[in-house]
Amino acid sequence: MYRMNAEAQEGTLARILEEASRRVAGLRPYAVALERKAAAVREPPDFVAALSGTDVAVIAEVKRRSPSAGALVPGGNAVRLARAYAEAGAAAISVLTEEKFFGGTLKDLSDVSSQVGLPVLRKDFVIDPVQAYEARAAGAAALLLIARILSFERLDELASLARGIGLVPLIEVHNEEELRLALRCAPAVVGINSRDLDSLRVDPAVVTALLPQVPRGVVAVAESGIGNRSDVEHFAAHGADAVLVGTSVAGAADPSEAVRSLVGVSRRAGARS
């Protein structure tokens, strides 16, 4: 189902995946009902189109807490936060739905999807098809798939399923091998995460090294460690089409202003081959 390297087996990632497995087991009795609900919900806004403008698109995240940053907005209103992002120019919203380690809920996703007019990415540790149906039933337009935690066969299966039920799979990678496998799944969107999920260390050089290897027909998203406009400009210079920003906007005193400071950076069309 999923795979972990030796370091991850003793760390936070292992505990997160154990919790994901427990949640999946609890969802399985409702799989048929979720599949039916997923088929009945309205079509979401176009996630790929939202990330394909002339400027670097900002995907702003509803994130209540994280293992690395601690509490951000534990009691905050997800819809109010997402609306602040939207009014400031965010192109899409990411909603972190993992509950035990990140404080998120599926209700956050459902509320934002139904009340904010932007495409919404479900960000979670997805290891099973039932989670894709659950995301679509809650109104998601896109689904995060993390190459680090999935075998290629499961990654390809989940990406195909997501597309089949109207979700855009955003496949997240952290190294060349993961990128190679991700591209075999014919994704429309690839995310490059500068944060190592095993150690939680952030290394922006990971993103700048991998961006040029993403084909121009694939939307390339830079993830993690983005705190200001110069970070967006730096990744734009290396070919980023979009950035996914969580902690620096969710934990800001003025989330709207934090997002506004990041938007309007021009994409560099010639930065990738």
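**Exercise 1.** Are arginine 23 and aspartate 124 buried or exposed?

*Solution.* Start with the model. It is predicted: local features need pLDDT of at least 70, side-chain atom pairs count only at pLDDT 80 or more, and totals for chains, interfaces and linings use all residues. Residues are numbered from 1 along each chain as its sequence is written, and side-chain values use heavy atoms, without hydrogens and water.

Next, apply the cut-offs. Buried means under 20% relative accessible area, exposed over 50%, partly exposed in between (1.4 Å probe, protein chains only). Arginine 23 is buried, and aspartate 124 is buried too.

**Exercise 2.** Find the distance between the closest N and O atoms of arginine 23 and aspartate 124, then place the pair in the chain.

*Solution.* A salt bridge needs a side-chain nitrogen of Lys or Arg within 4 Å of a carboxyl oxygen of Asp or Glu. Here the closest N and O atoms are 3.2 Å apart, and the pair forms a salt bridge. Arginine 23 sits in helix α1 (residues 12–27) and aspartate 124 in the loop between β5 (120–123) and α6 (129–137), so the bridge ties together parts 101 residues apart in sequence. Helices (H or I, at least four residues) and strands (E, at least two) are DSSP runs, numbered from the N terminus. A network of salt bridges links Arg23, Arg122, Asp124 and Glu134.

**Exercise 3.** Classify the exposure of glutamate 157 and of its partner, arginine 154.

*Solution.* The two form a salt bridge, with closest N and O atoms 2.8 Å apart. They lie 3 residues apart in helix α7, so about one helical turn separates them. Glutamate 157 has 38% relative accessibility and is partly exposed. Arginine 154, at 17%, is buried.
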